[in-house]
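Q: Could you walk me through reading the features of a structure, one at a time? I'd like the general idea, then the actual case.

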Amino acid sequence: TFHSRMPFHWIGQWTGGFFEDTSLTKIGFEVHLGHAGQPCPGLTDEWCDTDDEGDQFTDGPWIPLVNDPRMTMVVDTSGLHSMMIRFCQCAGALSPDMQLFETGLFPASFTSPKTAFSFAVLDDFLLDNLECGTSAMNYYSKLRRITSSMFPHLVSDRYRELMRVGRQWRQVKQLKWHGFGHEKRKPKAGELALFCPACPQPGVNL
């Protein structure tokens with residue numbers, strides 16, 4: 001029950017001689033959307049095995065990931081997690097991408113999401129990029145190192161998805177900060193820029 005509220009928590013499994021890094025997914029943990037964490041009554045075992053967002057991730061004894069096309073790759077500040085996410089299939093249910101948004105996950109694809117980024121990791125990436133000048137490549141390399149400190153090269157490559165979702169997240173934040181979060185009107189030129197009283201502006205300080 002405790003781990004169900006912390007789906008991105010890393011755990012270790014005792015092998016008899018040492019604790020081996022593993023994941024909640026490997027011991028059967030599943031994330032159910034739309035019913036407060038409970039399985040959907042209309043749930044089936046049919047899954048889409050196509051993945052057009054990147055190469056297949058690797059399953060090995062040194063990385064706590066699961067090589068299964070039914071999994072969804074979730075990128076968080078704690079690293080990458082291959083998770084079994086069960087979407088609500090009730091009549092009138094939201095689309096899978098909107099269900100992920102409600103959970104605090106930004107899907108890399110709006111039509112067939114197989115990769116998602118937590119809101120926390122997107123905010124952290126923007127802040128690192130702004131204050132520390134961290135590039136997307138270096139930031140993603142850090143996430144791979146967090147996932148597997150010994151074999152980061154075995155962790156799935158989602159750098160391309162981070163670049164695309166990072167730009168979309170920055171645009172969404174800009175719209176929110178400037179009052180376009182609940183408007184259908186598109187912003188005009190200059191409406192997403194911060195007011196600078198030091199810049200020469202006709203009719204204001206000229």
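## Reading the features

A: Let's start with one residue: Ser148 is buried, with a relative accessible area of 4%. Keep in mind that we're looking at a predicted model.

Q: Where is Ser148 found, and what does the side chain of Ser148 reach?

A: Ser148 sits in the loop between H3 and H4. Its side chain reaches the backbone nitrogen of Phe151, at 3.2 Å.

Q: Okay, on to the nonpolar part. Which residues of the largest nonpolar core touch the most other members?

A: General idea to begin with: in soluble globular proteins, nonpolar side chains tend to be buried together. Here the largest nonpolar core has 20 residues, and the ones touching the most other members are Leu80, Phe117, Val121, Leu122, Leu143 and Leu162. Strand S4 (72-76) and the helices H2 (119-131), H3 (136-147) and H4 (159-177) each supply at least two residues of this core.

Q: Which residues does Leu162 touch, not counting those up to four places away in sequence?

A: With those neighbours set aside, Leu162 touches Phe117, Phe125, Ala136, Tyr139 and Tyr140. Apart from the largest core lies another one, of 12 residues, and its members include Phe29, Val74, Ile85 and Phe87.

Q: Now the strands. How many residues of S4 are buried, and which way do they point?

A: S4 is mostly covered, with 5 of its 5 residues buried. Thr72, Val74 and Asp76 point one way, while Met73 and Val75 point the other way, and all are buried.

Q: Do S4 and S5 run parallel or antiparallel?

A: Antiparallel, with 5 bridges joining S4 to S5. Look for Val75 in S4: its bridge partner in S5 is Leu80. The connection from S4 to S5 is a hairpin through 2 residues. S5 is mostly covered as well: 8 of its 8 residues are buried.

Q: In what sense do S4 and strand S7 pair?

A: S4 and strand S7 (residues 115-118) pair in the parallel sense, over 3 bridges. To find the register, take Met73, whose bridge partner in S7 is Thr115. S3 and S5 also pair in the parallel sense over 3 bridges, and His32 stands opposite Arg86 in S5.

Q: Speaking of Arg86, what does its side chain meet in a salt bridge?

A: The general idea is that side chains of opposite charge can pair when their charged atoms come close. In this model, the side chains of Arg86 and Glu30 form a salt bridge, 3.4 Å from N to O. This pair links distant parts of the chain: Arg86 belongs to strand S5 (residues 79-86) and Glu30 to strand S3 (residues 30-32), 56 residues apart.

Q: Are the two partners buried or exposed?

A: It's a mixed pair. Arg86 is buried, with a relative accessible area of 10%, whereas Glu30 is partly exposed at 29%.

Q: How many salt bridges does the count come to?

A: The count comes to 6 salt bridges. One of them joins Arg160 and Glu161, with the closest N and O atoms 3.5 Å apart; Glu161 counts as buried, at 1% relative accessibility. Another joins the side chains of Arg185 and Glu191, at 3.2 Å from N to O. In that pair, Arg185 is partly exposed with a relative accessible area of 41%, and Glu191 is partly exposed too, at 27%.

Q: Which residues are linked in a network of salt bridges?

A: Asp124, Asp128 and Lys142. Try picking those three out together in your viewer.

Q: Last one: how many disulfides does a search of the whole structure find?

A: A disulfide is a covalent bond between the sulfur atoms of two cysteines. Searching the whole structure finds 0 of them.

Q: Why is Cys88 not in a bond with Cys90?

A: Because the closest cysteine sulfur to that of Cys88, in Cys90, is 3.7 Å away, too far for a bond; the cut-off for a disulfide is 2.5 Å. Cys90 is in no disulfide either, and its nearest cysteine sulfur is that of Cys40, 3.5 Å away. As for accessibility, Cys88 counts as buried at 12%, while Cys90 counts as partly exposed at 28%.

Methods. Residues are numbered from 1 along each chain as its sequence is written. This is a predicted model: local features need pLDDT of at least 70, side-chain atom pairs count only at pLDDT 80 or more; totals for chains, interfaces and linings use all residues. Side-chain values use heavy atoms; hydrogens and water are left out. A nonpolar core is a set of buried Ala, Val, Leu, Ile, Met, Phe, Trp, Tyr and Cys residues joined through side-chain atoms within 4.5 Å. Buried means under 20% relative accessible area, exposed over 50%, partly exposed in between (1.4 Å probe, protein chains only). Helices (H or I, at least four residues) and strands (E, at least two) are DSSP runs, numbered from the N terminus. Contact means heavy atoms within 4.5 Å. A salt bridge is a side-chain nitrogen of Lys or Arg within 4 Å of a carboxyl oxygen of Asp or Glu. Two strands pair if DSSP finds at least two bridges between them. A polar contact is a pair of N or O atoms within 3.5 Å; within protein, one must be able to donate a hydrogen and the other to accept it, and residues adjacent in sequence count only if both atoms are side-chain atoms.
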